[in-house]
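Me: I have a new model open on my screen and would like to learn how to read it. Could you take me through some features, one at a time?

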Amino acid sequence: MSLFGIVLGLALLIFLAFKGQSILWVAPVCAAVVALLSMFEDPTINVLTMWTDNYMASMATFLQTWFPAFMLGAIFGKVMEVSGAAKSVGLWLTKLIGAKQAILAVVIACGVLTYGGISLFVVVFAIYPLAVALYREADIPNKLIPGAISLGAFTFTMTAIPGTPQIQNIIPTNYYGTTPMAAPVMGVVAALVMLIGGVVWMKMRESKLKKEGLHFVEPSNLEVMSDDTKLPNPIVSLIPLISVPVTLNLLSVPLVGSLLIAVVLTLVLNFHCAKDFPKAINDGASGGLMSIGNTAAANGFGGVVKAVPGFATLTTMLLGIPGTPLISEAISVSVLAGATGSASGGMGIALEALGPKYMELAASDPNLSPEALHRVASVASGGLDTLPHNGAVITLLSVCGLTHKDSYLDICMNCCIIPTIAVIVCIIFAMIGIC
């Protein structure tokens, strides 16, 4: 009954998340379902105690560990946005690559901003007007804009490229004792699979749609663009973006310190926008709280699952999947990321529940390294997370004034199918001893 409770709780979590319900209340309710059905197997289990102790303990631990990083990351994104620095870098890169390679220009611009530590939500708002201008000049159908933005912001720079400061690459360090540079060969190869595969797909789609007679159509939801001549210098604007991966990876500064340095640099280099910064900091702090609240709520669900009798059976089943434990980890993280609609939330549940067991296996198996576990978990988290109910997908389509019917095919290919292929490639590399 306890195992059935876990399965039912997960199924309910998936259903309610797909219906667009907030994970803040969905996760504790589903955790209660798990605890309630587990009482039939262990009468000593108390639903209220599971909430107040196990659920809240896991949620609080995640908050304690990651709140500064989430908050500073969100503040960094907002100050880069209001200062025009994010847009300045994006405009410079898109002009550098040019309209002839409009899709690649959008992908690279998004990738540079996210690798520099900017939140993918900020990237969407900053790059969309630039993508419109490029697609207009190249006469590429508008419905291909979300595919390019999602490829650049939601995939290889979020999970695969070694050293990325995105939280999906940082969370595994807390469970495996690794660094953001873990398994660099696997990471680079996975990133190339996603980048090359995604760009090839988008170019094929462009050719197909043009043959069907589709052209660029002026969007009705785009606000009048501000004067680009008033944007800060793009080279100067790059400095905070470069500082994050440099201080994080070369100087071994913790993520919180790296983000704090980047925020200070942005404030100093854009002091002429000082009047706009207090609101940006307030908005960033509020956004960071909401973001970590959702992820921590999902993590709390994992804490309850780990505490019920059925978890031992579930662990045996998952670890009994034929082949390397990396396959088990990839499946667990992918399914839970899809269930929660969140890469960090799904990975948090999986690693909170199974991370210590994978570390035990790594300690006793010379062919299984913590670095490989880190990279597989990170890349796997960025696959099924972008199912139709994902918040970032909904936001992206809303900003672009398009629907799932218009553009989700490209998002699905770039952010679900190709990243899943990249996970398989990572596992193969790990099995032959190349990390």
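**Reading the model**

Reply: Happy to! Let's begin at Ile127, which lies in helix α6, residues 120–138. Helices here are DSSP runs of H or I with at least four residues, strands are E runs of at least two, and both are numbered from the N terminus. Please keep in mind that this is a predicted model, where local features need pLDDT of at least 70 and side-chain atom pairs count only at pLDDT 80 or more, while totals for chains, interfaces and linings use all residues. Residues are numbered from 1 along each chain as its sequence is written, and side-chain values use heavy atoms, with hydrogens and water left out.

Me: Is Ile127 buried or exposed?

Reply: Buried means under 20% relative accessible area, exposed means over 50%, and partly exposed is in between (1.4 Å probe, protein chains only). Ile127 has a relative accessible area of 0%, so Ile127 is buried.

Me: Which residues does Ile127 touch?

Reply: A contact means heavy atoms within 4.5 Å. Leaving aside residues up to four places away in sequence, Ile127 touches Gly90, Val106, Ala109, Cys110, Leu113 and Ile149.

Me: Cys110 catches my eye. How many disulfides are there?

Reply: A disulfide is a covalent bond between the sulfur atoms of two cysteines. The rule used here asks for a pair of cysteine sulfur atoms within 2.5 Å, and by this rule the count is zero.

Me: Why does Cys110 have no bond to Cys400?

Reply: Cys400 holds the closest cysteine sulfur, but that sulfur is 9.8 Å from the one in Cys110, which is too far for a bond. Cys110 is also buried, at a relative accessible area of 0%. Cys273 is buried too, with 9%.

Me: Let's turn to the outside. Which residues make the nonpolar surface patch of about 440 Å²?

Reply: A patch takes residues with over 30% relative accessible area and no salt bridge; nonpolar side chains (Val, Leu, Ile, Met, Phe, Trp, Tyr) are joined within 5 Å, and like charges within 9 Å. A salt bridge is a side-chain nitrogen of Lys or Arg within 4 Å of a carboxyl oxygen of Asp or Glu. Areas come from the Shrake-Rupley method with a 1.4 Å probe, and for residues only the protein chains shown count as cover. This patch is made by Val188, Leu192, Ile196, Val200 and Met204. Leu192 is found in helix α10, residues 184–211, and counts as partly exposed because its relative accessibility is 42%.

Me: And the protein as a whole: how many helices and strands does it have?

Reply: The protein has 19 helices and zero strands. Buried residues make up 56% of its 435 residues.
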